[in-house]
Amino acid sequence: MTGNIHPNATVHETARVHPDAIIGEGAFIGEGVWVDAWAEVSGWAVVAEGSWVCEGAWVADGAIVAMGALIGEGAIVDKGAIVDEGASVSKWARVAEGAKVGKNAWVREGAWVRDGAVIGEGAVIGEGVSVGEGVGVGAGARVDKKAWVPTYAVVPCPEFIAAITGGVT
């Protein structure tokens, strides 16, 4: 356990914090977590057991990174955002304030999940995709090809699409 760690932060003894990483006041770093060089976990953020915060990533104030999640190089998990268990936020992607990325979901490189959006369990948000404010993306859905999903839209899960189209997607 090394790095620039605030005295009021809690860092599990098995966590690995790079000497160039920053851990803010009140932050919690769980068992077996890795925080790479130039990464920052800000005040009162939580990074749970077995998660990885890669080089240059930022987990902002009050954000939660659940067990086994991956925050890629240069990625941002903004204030109050939640990245659920086993989810991945890839290189240079952003999960904005109050947004949630569901269990085992994948936000690919350069994608932006805007304020208050909710990405369902197992959904995939493709490279460069912009998911609008307050959007709901259903479990298992895939949004790809640098799409833009407008504010407050709903992208249903694949089962729902198949049900209303008679299996044609």
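**Figure 1. Burial and secondary structure across the whole chain.** Of the 169 residues of the protein chain, 43% count as buried. The model shown here and in every view below is a predicted one. Its secondary structure comes to one helix and 26 strands. Among contacts between residues at least 6 apart in sequence, 0% join residues at least 24 apart.

**Figure 2. An open sheet of eight strands.** Welcome to a sheet with parallel pairing, whose strands follow the order β3-β6-β9-β12-β15-β18-β21-β24. Its edge strands are β3 (16-17) and β24 (142-143), and each of them pairs on one side only. For a look inside the sheet, pick out β12 (residues 70-71) and β15 (residues 88-89), which pair in the parallel sense over two bridges. Here L70 has S88 of β15 as its bridge partner.

**Figure 3. An open sheet of nine strands.** This parallel sheet runs in the order β2-β5-β8-β11-β14-β17-β20-β23-β26. At its edges sit β2 (10-11) and β26 (154-155), each pairing on one side only. Within the sheet, β17 (residues 100-101) and β20 (residues 118-119) are joined in the parallel sense by two bridges. V101 finds its bridge partner in I119 of β20.

**Figure 4. The nonpolar core, with V35 in view.** The largest nonpolar core holds 47 residues. Which of its members touch the most other members? They are I23, I29, V35, V41, I119, I125 and V137. Take V35 as a starting point: beyond its neighbours within four places in sequence, V35 is in contact with R16, V17, H18, A21, I23, I29, V41 and V53. Three residues in that contact list, I23, I29 and V41, are also named among the core members that touch the most others.

**Figure 5. D36, a buried acidic residue without a salt bridge.** D36 is found in the loop between β6 (34-35) and β7 (40-41). How far from D36 is the nearest side chain of opposite charge? That side chain belongs to R16 and is 9.8 Å away, and D36, though buried, has no salt bridge. Leaving out neighbours within four places in sequence, the contacts of D36 are H18, A21, W52, V53, C54 and E55. For A21, 15 residues from D36 along the chain, the C-alpha atoms of the two residues are separated by 6.3 Å.

**Figure 6. A stacked pair of tryptophans.** A search of the whole structure finds one aromatic pair. W34 and W52 make up this pair and are stacked, with 5.0 Å from centre to centre and 10 degrees between the planes. W34 lies in strand β6 and W52 in strand β9 (residues 52-53), so the pair ties together parts that are 18 residues apart in sequence. Both rings belong to partly exposed residues: W34 has a relative accessible area of 38%, and W52 comes to 33% relative accessibility.

**Figure 7. Two loop tryptophans with positive phi.** Here are two residues worth a closer look at the backbone. W38 lies in the loop between β6 and β7, and its phi is near 60 degrees, a positive value in a residue other than glycine. W44 is found in the loop between β7 and β8 (46-47); phi is positive here too, at about 65 degrees, although W44 is not a glycine. Are these side chains buried or exposed? W38 is exposed, with a relative accessible area of 56%, and W44 is exposed as well, at 57%.

**Figure 8. Salt bridges, three examples.** The whole structure contains four salt bridges. In one of them, the side chains of D78 and R94 meet at 2.5 Å, N to O. D78 lies in the loop between β13 (76-77) and β14 (82-83) and R94 in strand β16 (residues 94-95), so this pair ties together parts that are 16 residues apart in sequence. D78 counts as buried at 8% relative accessibility, whereas R94 is partly exposed at 29%.

Another salt bridge joins R108 and E127, whose closest N and O atoms are 3.1 Å apart. It links distant parts of the chain, 19 residues apart: R108 is in the loop between β18 (106-107) and β19 (112-113), and E127 in the loop between β21 (124-125) and β22 (130-131). R108 counts as buried at 19% relative accessibility, while E127 is partly exposed, with a relative accessible area of 36%.

R142 and D144 also meet through their side chains in a salt bridge (2.9 Å, N to O). R142 is exposed, with a relative accessible area of 51%, and D144 is partly exposed at 27% relative accessibility.

Methods
Residues are numbered from 1 along each chain as its sequence is written. This is a predicted model: local features need pLDDT of at least 70, side-chain atom pairs count only at pLDDT 80 or more; totals for chains, interfaces and linings use all residues. Side-chain values use heavy atoms; hydrogens and water are left out. Helices (H or I, at least four residues) and strands (E, at least two) are DSSP runs, numbered from the N terminus. Buried means under 20% relative accessible area, exposed over 50%, partly exposed in between (1.4 Å probe, protein chains only). Lys and Arg count as positive and Asp and Glu as negative; His and the chain ends are not counted. Contact means heavy atoms within 4.5 Å. Two strands pair if DSSP finds at least two bridges between them. A nonpolar core is a set of buried Ala, Val, Leu, Ile, Met, Phe, Trp, Tyr and Cys residues joined through side-chain atoms within 4.5 Å. Rings of Phe, Tyr and Trp (its six-membered ring) pair if their centres lie within 6.5 Å; planes under 30 degrees apart count as stacked, over 60 as edge-to-face and the rest as tilted.
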